[in-house]
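Visitor: I would like a close look at the pockets of this model, and at the parts of the chain that line them. Please go through them in one connected account.

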Amino acid sequence: IVPVLVGDVASGRVLTRELLRRGGLVNLVEFPAVAVNASRYRLQVMADHAHRDIERLVALLVDAREITRAIMSNMDSPHARPA
């Protein structure tokens, strides 16, 4: 098991959605397995995973992270919420 710290729960859920849309398969772990409002992935790396499999997941994570940051920053914008 390889733990990957993701951040707060909302970001973790958005990141997971974006990864799944791109073909990534991850297990998001939330409270009570981790601290309140924290999340992480539990990646199960197996002997039959090739280096290209790991590299593909990393590339998917980088791409999905950029999309997640944009989504989360738009949610933080005062214009994104009703007054």
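Guide: What follows starts with the overall layout, goes through the two pockets, and then turns to the strands and charged side chains around them.

The model is predicted. The protein chain has 2 helices and 3 strands, and from the N terminus on these elements run β-α-β-β-α. Along its principal axes, the C-alpha trace spans about 50 × 30 × 15 Å. Of the 83 residues, 23% count as buried. Among contacts between residues at least 6 apart in sequence, 64% join residues at least 24 apart.

The largest pocket has a volume of about 450 Å³. Strand 1 (2-7), strand 3 (39-43) and helix 2 (51-76) are the elements that give two or more residues to its lining. In total 20 residues line this pocket, and Leu-25, Leu-43, His-49, Asp-53 and Leu-57 lie nearest its centre. Helix 2 supplies the largest share of that lining, namely 7 residues. Sorted by class, the lining of the largest pocket holds 12 nonpolar, 5 polar and 3 charged residues.

The second largest pocket has a volume of about 250 Å³. Its contributors of two or more residues are strand 1, helix 1 (9-21) and helix 2. The residues that line the second largest pocket are Val-4, Leu-5, Val-6, Ser-11, Leu-15, Tyr-41, Leu-61, Val-62, Arg-65, Thr-68, Arg-69 and Met-72. Here helix 2 gives the most, with 6 residues. By class, this lining divides into 8 nonpolar, 2 polar and 2 charged residues.

The strands come next. Three strands form an open sheet in the order 1-3-2, with antiparallel pairing. Strand 1 and strand 2 (28-29) are the edge strands, each pairing on one side only. Between strand 1 and strand 3 the antiparallel pairing runs over 5 bridges. Two of the partners can be named for orientation: Pro-3 is bridged to Arg-42 of strand 3, and Gly-7 has Ser-39 of strand 3 as its bridge partner. On the other side, strand 2 pairs with strand 3 over 2 bridges, again in the antiparallel sense. There Leu-28 stands opposite Tyr-41 of strand 3.

Strand 3 has two faces to tell apart. Its covered face consists of Ser-39, Tyr-41 and Leu-43, while Arg-40 and Arg-42 make up the uncovered one. Two residues of the covered face have already come up with the pockets: Leu-43 is among the residues nearest the centre of the largest pocket, and Tyr-41 is part of the lining of the second largest pocket. Arg-42, the bridge partner of Pro-3, belongs to the uncovered face.

The charged side chains complete the picture. The salt bridge count comes to 7. One of these involves a residue that lines the second largest pocket: Arg-65, whose side chain meets that of Glu-66 at 3.5 Å, N to O. Arg-65 counts as partly exposed, at 36% relative accessibility. Glu-66 is also partly exposed, with a relative accessible area of 40%.

A network of salt bridges links Arg-17, Glu-18, Arg-21, Arg-22 and Asp-63. Within the network, Arg-17 forms a salt bridge with Glu-18, and the closest N and O atoms are 3.1 Å apart. Glu-18 also meets the side chain of Arg-21 in a salt bridge of 3.3 Å, N to O. Arg-21 and Glu-18 are 3 residues apart in helix 1, so about one helical turn separates them.

The accessibilities of these three residues can be set side by side. Glu-18 has 4% relative accessibility and therefore counts as buried, the cut-off being under 20%. Arg-17 is partly exposed, with a relative accessible area of 35%. Arg-21 counts as exposed because its relative accessibility is 60%, and exposed means over 50%. Glu-18, a buried residue, thus has salt bridges with the partly exposed Arg-17 and with the exposed Arg-21.

To return to the pockets, helix 2 gives the largest share of the lining of the largest pocket and also gives the most to the lining of the second largest pocket. Strand 1 likewise gives two or more residues to the largest pocket and to the second largest pocket.

Notes:
Residues numbered from 1 in each chain as written. Predicted model: local features only at pLDDT ≥ 70, side-chain atom pairs only at ≥ 80, totals over all residues. Heavy atoms only, no water. 1 Å grid on protein atoms, 1.4 Å probe; cavity = no way out; pocket = protein on both sides within 12 Å on 5 of 7 lines; lining within 4 Å. Points joined across faces, edges and corners; volume = space filled by probe spheres on them. Helix = DSSP H or I, 4+ residues; strand = E, 2+ residues; numbered from the N terminus. Nonpolar A, V, L, I, M, F, W, Y, C, P; charged D, E, K, R; others polar. Salt bridge = Lys/Arg side-chain N within 4 Å of Asp/Glu carboxyl O. Buried < 20%, exposed > 50% of the residue type's maximum accessible area, 1.4 Å probe, protein only. Pairing = 2+ DSSP bridges. Contact = heavy atoms within 4.5 Å.
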